[in-house]
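Reader: I would like a close look at one part of this model. Please take the aromatic pairs and what surrounds them, in one connected answer.

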Amino acid sequence: MPAGSLPAHHVGCPCCGLSLTIPALIPGESAECPRCQQRLVRIETHPLDTPIAFAIASLIIMTIVYTQLYMTIDMLGIHVDLTIPYIMGTLAQQDYSILAEVMFFLTFGSPVLFLLLCLYVYTGLRYQQVLPGMLYATRTLVRLRHWIMIDVFYIATLVSYIKISAMAQMHFGLAFWFMMVLAILLIRTSQGVPEHWIFYQIQRLTGNDPTRQIYSDHTINCNYCLFEQPDTQNVCGVCGSYLSRRKPLSLSISMSFLLAAIIFYIPANLLPMMITRSPGTNLASTILDGIEYMWSDGDVFIAVVIFSASMAIPVLKIISMLILLYSAAYHPLMSPRRLTILYRITESIGRWSMIDIFVVIILMSAFSTPLAHVAPGSATIYFCGVVILTMVSALSFDPRLIWDDQNNKPSIKTAQ
């Protein structure tokens with residue numbers, strides 16, 4: 001078989017728990033679960049070179065984004081040059097270090113670490129060398145994919161542009177245009193990192209072929225690498241993760257984070273989200289105040305975007321998680337297939353609520369003069385907590401729990 005191929009073997013679907021057989025795959029092919037349509041693995045046409053090329057290109061573009069001018073603001077003779085490091089520094093200088101740290105991690109720390117780990121793992125695979133900590137590096141880079149928000153920050157900039165352009169002249173710099181390229185490259189790089197295939201390739205380098213392992217009937221499928229392992233083991237022999245049939249205490253942990261998010265959401269709506277100061281004016285506005293002001297001021301598009309990100313998405317995500325938790329713990333409120341679709345939507349849209357936080361940060365950086373000064377309100381901390389807590393709640397939930405009634409009878413099917 002061609003280099004980078006994956007032999008036929010048994011796996012367990014991480015979404016519905018179905019035991020199935022992946023057929024032999026060659027580069028350019030993929031396999032998905034026939035019951036819930038969860039993608040199990042997708043092998044790139046050039047599996048060893050493509051991720052390295054995209055990761056190197058992303059790092060080069062990121063260097064441009066973080067060293068070049070992002071935008072300029074001209075208002076009443078005052079000129080402000082904004083770069084991404086300047087925006088983070090402004091947050092830290094004005095005692096909003098928590099927001100600065102969150103922005104640093106979501107728009108710089110997690111992307112850089114993801115790309116460096118990607119290069120580390122794929123360099124070892126490319127040159128057929130088992131590097132120290134390759135398994136841990138693979139597990140880490142897979143988890144980091146959820147916390148890369150370059151694309152969210154870019155959309156927040158476009159929303160801010162509509163608002164800023166009504167009060168000042170705003171021009172985009174080189175970094176802004178390259179950020180769009182960076183967002184696309186990061187999305188493409190994360191899509192080209194199939195952890196199931198990577199763990200197989202690492203084990204193959206060590207002389208261990210997990211696809212040829214034959215165990216007794218008492219087996220368990222790893223939650224992370226999907227390979228079969230004896231149920232007597234506590235640690236997966238393929239990827240090094242802890243073995244369990246379902247995520248330990250999934251419902252309790254997910255519900256705990258969700259309840260914390262609900263509690264945080266109350267002050268996030270009652271306290272000021274943004275404080276605007278100008279000579280003779282000091283206005284503190286909540287999320288709803290800001291939406292109403294933008295709507296009445298004619299900024300309908302911005303009002304709809306902020307309403308969707310700050311009100312609709314968090315509320316719908318909380319309701320969706322409550323439905324999923326109740327269905328998994330007590331009685332399904334929908335069919336397992338529909339609940340799975342609901343879970344996938346819930347997991348994917350939660351990060352976009354950060355648009356409102358990023359908009360406030362950009363406005364604060366743009367207007368930090370005596371004539372016009374914007375500062376984040378105390379609600380930003382709580383709302384940022386809501387976004388992170390709901391994301392962790394969704395990631396802690398084990399979607400296989402909603403299929404368990406149909407998994408009582410073991411079966412093996414062939415993946416498509």
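Author: What follows describes the aromatic pairs, then the strands that come into view beside them. The model is predicted.

The count comes to 14 aromatic pairs. In one of them, the ring centres of Tyr70 and Phe153 lie 5.9 Å apart with the planes at 45 degrees, so this pair is tilted. Tyr70 is in the loop between helix 1 (50–67) and strand 5, while Phe153 belongs to helix 5 (residues 150–164); with 83 residues separating them, the pair links distant parts of the chain. Tyr70 and Phe153 are both buried.

The rings of Phe176 and Trp177 have centres 4.9 Å apart and planes at 80 degrees, so the pair is edge-to-face. Phe176 has a relative accessibility of 1% and counts as buried, whereas Trp177, at 46%, counts as partly exposed. These two pairs belong to a cluster linked by ring pairs, which joins Tyr70, Phe153, Tyr154, Tyr161, Phe172, Phe176, Trp177 and Phe358.

Strand 5 is part of an open, antiparallel sheet of three strands in the order 6-5-7. Strand 6 (78–82) and strand 7 (169–172) are at the edges, each with a single partner strand, so one side of each has no neighbour in the sheet. From one strand to the next, the twist averages 15 degrees. Strand 5 (residues 71–75) pairs with strand 6 over five bridges, and Met71 has Leu82 as its bridge partner there.

Two rings also have a charge over them. The charged end of Arg351 is 5.5 Å from the ring centre of Trp352, and Arg126 lies over the face of Tyr127 at 6.0 Å from the ring centre.

Conventions: Residues are numbered from 1 along each chain as its sequence is written. This is a predicted model: local features need pLDDT of at least 70, side-chain atom pairs count only at pLDDT 80 or more; totals for chains, interfaces and linings use all residues. Side-chain values use heavy atoms; hydrogens and water are left out. Two strands pair if DSSP finds at least two bridges between them. Helices (H or I, at least four residues) and strands (E, at least two) are DSSP runs, numbered from the N terminus. Axes are lines fitted to C-alpha atoms, for helices over the stretch in contact, and angles run from 0 to 180 degrees between N-to-C directions. Rings of Phe, Tyr and Trp (its six-membered ring) pair if their centres lie within 6.5 Å; planes under 30 degrees apart count as stacked, over 60 as edge-to-face and the rest as tilted. Buried means under 20% relative accessible area, exposed over 50%, partly exposed in between (1.4 Å probe, protein chains only). A charge sits over a ring if NZ of Lys or CZ of Arg is within 6 Å of the ring centre and within 35 degrees of the ring normal.
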